[in-house]
Number of protein chains: 4
Amino acid sequence: MSEPVFRDDMLVELIDNMGDDKRVVRAARVSTGKDLAIPGEAFETVSGLIRFLMKNRHGTPFEHNAFTFRVECPIFVSREFMRHRIASYNEESGRYKQLDPVFWIPAPSRPLIQEEKPGAYVLKPGTMDQYDYTVRTLKTVAGAAYDAYERILAEGVAREVARACLPIGIYTSFYVTFNARSMMNFLSLRVDDPDSAYPSKPQYEIEQVALQVEDVFQRKMPVTFRAFRENRRVAP
Amino acid sequence: MSEPVFRDDMLVELIDNMGDDKRVVRAARVSTGKDLAIPGEAFETVSGLIRFLMKNRHGTPFEHNAFTFRVECPIFVSREFMRHRIASYNEESGRYKQLDPVFWIPAPSRPLIQEEKPGAYVLKPGTMDQYDYTVRTLKTVAGAAYDAYERILAEGVAREVARACLPIGIYTSFYVTFNARSMMNFLSLRVDDPDSAYPSKPQYEIEQVALQVEDVFQRKMPVTFRAFRENRRVAP
Amino acid sequence: MSEPVFRDDMLVELIDNMGDDKRVVRAARVSTGKDLAIPGEAFETVSGLIRFLMKNRHGTPFEHNAFTFRVECPIFVSREFMRHRIASYNEESGRYKQLDPVFWIPAPSRPLIQEEKPGAYVLKPGTMDQYDYTVRTLKTVAGAAYDAYERILAEGVAREVARACLPIGIYTSFYVTFNARSMMNFLSLRVDDPDSAYPSKPQYEIEQVALQVEDVFQRKMPVTFRAFRENRRVAP
Amino acid sequence: MSEPVFRDDMLVELIDNMGDDKRVVRAARVSTGKDLAIPGEAFETVSGLIRFLMKNRHGTPFEHNAFTFRVECPIFVSREFMRHRIASYNEESGRYKQLDPVFWIPAPSRPLIQEEKPGAYVLKPGTMDQYDYTVRTLKTVAGAAYDAYERILAEGVAREVARACLPIGIYTSFYVTFNARSMMNFLSLRVDDPDSAYPSKPQYEIEQVALQVEDVFQRKMPVTFRAFRENRRVAP
């Protein structure tokens, strides 16, 4: 019997990306026929135009930059991620392979308690007892479920049937590609920033994914990222 | 403690639909400026044009018909369904409500054994013993998982954390809206028809969903459906 | 030789629509599993939920309502319309038919003068002389172009070649289908409302189209429309 | 008055691209969890998997490669191009700038005569006389239209109004970004190949664009391109 592994991290690896801040400027400039005269441009000009585009929600010039990531996360996170339709996905398949016994448990720092307020959604830290009980219980269920999974497989039953007992906390992996505009929409919904014009309350785990995506965004398109933040995370 | 319920059916309910076969004709006819002269049209003309469009893969005239369904199925099926991006979804949330203890088990008629061939994917019936063992095991895991879920909730922990132990065979419900073209693409991938030009091997359970979608399609757009079949299920 | 016709109106005809305000509520309620209990609902509840969804930019529940329009407008307007990609189109074809000699001229009330300001875009009324000169010139060019078009056709040359001389002010007709969410995005960009959170300066003619779309929206989904306006035309 | 320029070429310039054939393999392999073991792979393995994906229309692994092009073409071509919705565009604007007097005329090799057959669409070479007459007429109309455009502008009227007289054969420029799957769909519809499973009869000019796109595709993803051809241009 396979020994289960427990993780509380989200892995986000940049596979490739295309374009930088100047690409946005070049694409935008085609509207006035000035797209061919960019290379030597001063930073201030690039920055000014990008801030103008962001503020006025001219979104299309941000669609010529692309990012591909490889993500490892629990299924309940991949389910949320894949609701973003202006993106491309390929995911590990429970039909084509036996899933590995890797399961999510909350990190000690993960807020556990949800305050019930109409229309709101606030999470607070739990006690040590709550944490211990939760982790212990999740581990027990995951271990028993994976054991059952392997026993059903051992009977010769198809993976696609046996997997029905596996918990949604099991890890999956996938590739996702999106352009910078779609990525900003993703970030506006999956990062909880009190300065947002339209604050969102994402699940903690997808926010851990989003923050890593954001980190790449900031490194690869610093001017665009700053304009996005200044504009209170309203995706253009 | 809540008593688990086990189901092997997929529920597909038509909520609403827009347009019929004549709508396709009308939209197509705008290309030649003859869209305003349809009402009294003979069946043969409607049928002839639709078959022509299908055969030559002129897909856009099929996009002005829309269908909204309410679906109840296991999460592993909704996950496959929601990979179809040219569609609109709203799904039950494990963050906003306590999920009900309703779980999938295979129907006795469900093929259980997968033949391993490179590049192929063939399922065959299992033995009674395999069936009994699988169902018994799935039930045990589901019951224990839901019990654990409720105990974690009873400790005051958030639903979004506790749900991590629930199996992907738990039922969910969602609304989906798509146009006839996107629906045909869905059917081409989710129904296993040996006459298809590009045969697909969908998981049995999503095929049970797709066959019900197809039944509605056939009733509401009989001419289009026939042309789709004649054209060997190549979505236009 | 065909006599040219000159128009200054935009025709927008509702062909069909699916769903009303209650459909939005029903789709949204599936997240908490309460979607099956709506029919007898009070207006206040419907309105309250829709306003909540709009304010917090929960957009997907607005995607299960669909609208199909037939539009007649100049090509320079259809070009702007068809940049909206989350929509379905079928348009009159200059390859499959001889285009009719119907051309756009500005209405007397159409602002003619553009004030040049960096980053702004303001139009003001022209003088009677400017109007007369513009209309007279547009008419002359359109007439000569259509005459040339017919002469090239008379030589036996293909429509797809001959059409190259036709002005972008020639009328076209098309069908468009989109859902309520995509329609709100269209309206947020194509109606100039000083109360908008992100004001847009659309070309006057596409705004004439958009205002008619908006009129249908208001009639068919009055609660959603009011919430959209209250939310300063930020599409959810 | 500006002197008109006449062109019969389509300019397609690769601005950037992301990913190669191996990217497709890597994305596809995540389904079986083998995506991390590719680098040293033999050509035969890459080729075999790509051909398998293409033949069985597993399309998503081809979505992680992206291409950005800058295109110069007449408006009647850009209108056809932009009907492809799974793509990103930024185009020169007749509202933000005065359009340049660059107009399309057919090349001498361009077939001019359309054979009228029901459901078919065949073009054949014209005579020298037909060619001369067509070019002369197109040039005359274009020159007169641009002259009128400049005169209306000189009266102080807005560009967005004056442009209504410009012919659809005037050149525009735009940026387009799409992934390899969407690009193959574009090519399947915009290249006329008698070996296609679903032959298409695109306008000659957009085919001139498509053939240049195809040339880049072939250079950057030779294995995928060959599989696409072998599969009779059915986009996966």
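**Symmetry, interfaces and aromatic contacts in a predicted four-chain model**

Of the interface residues of chain C, 100% are also interface residues in chain D, so these two copies meet through the same surface, where contact denotes heavy atoms within 4.5 Å. The model is predicted: local features require pLDDT of at least 70 and side-chain atom pairs count only at pLDDT 80 or more, whereas totals for chains, interfaces and linings use all residues. Residues are numbered from 1 along each chain as its sequence is written, chains are lettered from A and ligands numbered from 1 in the order in which they are written, and side-chain values use heavy atoms, with hydrogens and water left out.

Two copies of a chain are related by a rotation about an axis and a shift along it. Chain C is superposed on chain D by a rotation of 180° with 0.0 Å of shift along the axis, at an RMSD of 0.0 Å; the fit is by least squares on the C-alpha atoms of residues with pLDDT of at least 70 in both copies. In chain C, the C-alpha nearest this axis belongs to P167(C), at 1.9 Å. For the other pair, a turn of 180° and a shift of 0.0 Å along the axis lay chain A on chain B with an RMSD of 0.0 Å. Chains A and B are thus related as by a two-fold rotation axis. The C-alpha of chain A nearest to that axis is the one of P167(A), 1.9 Å away. Here too, 100% of the interface residues of chain A are also interface residues in chain B, so the copies meet through the same surface.

The size of an interface is often given as the accessible area lost when the parts come together. Between chain C and chain D, about 4700 Å² is buried, 54% of which comes from carbon and sulfur atoms; buried area is the accessible area (1.4 Å probe) that two parts lose on being put together, summed over both. In chain C, the residues that lose the most area to chain D are R79(C), R85(C) and R95(C), which together account for 14% of what that side buries. The contact involves 53 residues from chain C and 54 residues from chain D. Six salt bridges, given by the rule as 6, span this interface, a salt bridge being a side-chain nitrogen of Lys or Arg within 4 Å of a carboxyl oxygen of Asp or Glu. R163(C) and E80(D) form a salt bridge in which the closest N and O atoms are 3.6 Å apart.

Chain A and chain B likewise bury about 4700 Å² between them, with 54% on carbon and sulfur atoms. R79(A), R85(A) and R95(A) contribute 14% of the area that chain A buries against chain B, more than any other three residues. This contact draws 53 residues from chain A and 53 residues from chain B. Across the interface of chain A and chain B, 6 salt bridges are found. A salt bridge also joins the side chains of E160(A) and R110(B), with an N to O distance of 2.8 Å.

Over all chains, 56 aromatic pairs are found; rings of Phe, Tyr and Trp (its six-membered ring) pair if their centres lie within 6.5 Å, and planes under 30 degrees apart count as stacked, over 60 as edge-to-face and the rest as tilted. The ring centres of F178(C) and F186(C) are 5.8 Å apart and their planes stand at 50°, so this pair is tilted. Both F178(C) and F186(C) are buried, on a scale where buried means under 20% relative accessible area, exposed over 50% and partly exposed in between (1.4 Å probe, protein chains only). F178(D) and F186(D) form a tilted pair, with 5.8 Å centre to centre and 50° between the planes, and both F178(D) and F186(D) are buried. In chain A, one aromatic cluster is formed by F67(A), F69(A), F81(A), Y89(A), F174(A), F178(A) and F186(A).

Charged groups also lie over aromatic rings. The charged end of R57(C) sits over the ring of Y198(A), 5.1 Å from its centre, the criterion being NZ of Lys or CZ of Arg within 6 Å of the ring centre and within 35 degrees of the ring normal. R57(D) lies over the face of Y198(B), also at 5.1 Å from the ring centre.
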